[in-house]
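User: I have a model open and want to go through its helix packing, its ligand site and a few backbone details. Can you take me through them?

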Amino acid sequence: MNVVMIGSGYVGLVSGACFAEFGAKVTCLDVDEAKIESLKAGKIPIYEPGLDELVERNVAAGRLQFTTEYDPVVASADLVFIAVGTPTRRGDGHADLVYVYEAAKQIARHLSGYTVIVDKSTVPVGTARQVERLIGEENSGADFDVASNPEFLREGSAIGDFMRPDRVVLGVESERAEALLRELYRPINLIEAPIHVTNLESAELVKYASNAFLAVKISFINEIANLCEQVGADVHAVAKGMGLDGRIGKKFLHAGPGYGGSCFPKDTTALIRIAQENAASCRIVEAAVEVNAAQKARMVKKIREVLGGSESGKKIAVLGLTFKPETDDMRDSPSLAIIPNLIDKGAVVHAHDPQGVAEARKLLPQQVSYCDDVFAAVKGADLVVLMTEWNEYRGLDLVRIKQLMQGDAFVDLRNVYEPAQMRELGFRYVCVGRE
Ligand SMILES: NC(=O)c1ccc[n+]([C@@H]2O[C@H](COP(=O)([O-])OP(=O)(O)OC[C@H]3O[C@@H](n4cnc5c(N)ncnc54)[C@H](O)[C@@H]3O)[C@@H](O)[C@H]2O)c1
């Protein structure tokens, strides 16, 4: 089976490499020449555990290749996936579909023989039909179907998520297209992962509804954490007690600085826009977005309070910059909302992150100093902020850190450490929902 992935970012590259591992012949295409050059040279442009070996193995086996050209790979494809970005459109919160539509037009010009065009990008309801219309207009003789196959992989565990998903969602309205997609996903079916077939609109909405639900869960526990601080409860105990109820489940009940990343912020605002455009209410998601913004602001306030009301001239060591561990993705990371605030108020920020520094340099104020190791970052610090729960921050040499610091404040935004132990070590320890 010949597969082309349009867009070779986190989703396109991982999906393409995994389909190749399943035995398909895959071409990953991208308009970013530097990205494709780097992939051709064997360098993976993103950090994702296991991706380098997977790509190397499949390139060597002749099942995976890279290109910037739609010609000739689209003409010989059975399936062409659109996996380009759908960022928030400036000004109105809507998902920006320019890349999707541009890809659709390019695909249309190069189609030859029956082809299934599959939306893998997260796109508003109605986009697949719009893609269908565009391709028909651009190439009236084309023999094709359009399908929707939203992706649920998580950065940091993307390969495992792709190979062993909870479900595969297929929005598909032709038997021929469904048969091809089922054949492509056959190895996943062999491990009995459910393949859930719906119409196009339902498949598109499954993705937004899933991400919005998870965002709501996070904002919910963050509000409960804030209440815990007021009433002397411990959010760990509360979340555990809730999560033991099978109807609730224990996942996504971790209090913290608010969600970030490349999906939840943009997908929640896009869902709100979709609801508005269709005269439907989406108040729970609207509240989750508001609570999330407030949570980030609350973290800045927490840091300020520990510093006695002013960040001015204080040295703050920030551990972790990416929106979560095991990725170099900085898109909408809480650190981007928190660090500039501290710098504006005169703080001196020294930061460490195992993988995110190259991206962070592009997005954070230039006053941030980046350190090669944790000890360099905390040396002389008045306060340490644990921002992202990378594994290497879970077992820190706290005695050494305390000795190297000038002050004694430790703000743990991920609740990694135990308050009593941290106090025993001499820290003024502050976390989220566990005062
Ligand atoms: N990152 C995730 O964890 C994740 C998970 C599930 C779904 N998604 C969704 O998948 C989509 C892609 O996300 P991503 O994180 O991989 O984005 P990304 O920014 O990492 O990659 C998108 C790529 O598309 C390329 N591109 C843009 N226009 C193109 C065109 N016309 N032809 C060829 N290539 C083009 C860009 O150069 C870029 O390399 C988004 O809709 C996102 O919401 C992302």
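Analyst: Let us begin with one helix pair: α12 and α13 are oblique to each other, because angles that are not under 35 degrees (roughly parallel), over 145 (roughly antiparallel) or 65 to 115 (roughly perpendicular) count as oblique. This is a predicted model, in which local features need pLDDT of at least 70, side-chain atom pairs count only at pLDDT 80 or more, and totals for chains, interfaces and linings use all residues. Residues are numbered from 1 along each chain as its sequence is written, and side-chain values use heavy atoms, with hydrogens and water left out.

User: What is the angle between α12 and α13, and how far apart are their axes?

Analyst: The angle is about 40 degrees and the axes are 9 Å apart, with α13 covering residues 334-344; axes are lines fitted to C-alpha atoms over the stretch in contact, and angles run from 0 to 180 degrees between N-to-C directions. Helices here are DSSP runs (H or I, at least four residues), as are strands (E, at least two), numbered from the N terminus.

User: Which residues make that contact?

Analyst: From α12 they are Lys-296, Met-299, Val-300 and Ile-303, and from α13 they are Pro-334, Ala-337, Ile-338, Asn-341 and Leu-342, where contact means heavy atoms within 4.5 Å.

User: And α9 with α12, what angle do they pack at?

Analyst: Helix α9 (residues 200-231) packs against α12 (residues 283-306) at about 45 degrees, with the axes 9 Å apart, and the two are therefore oblique to each other as well.

User: Switching to the ligand, how many residues surround it?

Analyst: There are 27 residues around the ligand, with Asp-30, Lys-35, Thr-86, Glu-155 and Lys-266 the closest; a residue counts as near if one of its heavy atoms lies within 4 Å.

User: Which polar side-chain atom lies 2.6 Å from a ligand oxygen?

Analyst: That atom belongs to Lys-35. Backbone N or O atoms also approach oxygen atoms of the ligand, at 2.8 Å for Val-11 and at 2.9 Å for Thr-122.

User: Last topic, the backbone: is the peptide bond from Asp-71 to Pro-72 cis or trans?

Analyst: The bond is cis, with omega near 5 degrees, and Pro-72 sits in the loop between β3 (64-67) and β4 (79-82). Most peptide bonds are trans, and most residues other than glycine have a negative phi.

User: What is phi at Glu-326?

Analyst: Phi of Glu-326 is near 65 degrees, which is positive although the residue is not glycine, and Glu-326 is in the loop between β9 (315-319) and α13.

Conventions:
A polar contact is a pair of N or O atoms within 3.5 Å; within protein, one must be able to donate a hydrogen and the other to accept it, and residues adjacent in sequence count only if both atoms are side-chain atoms.
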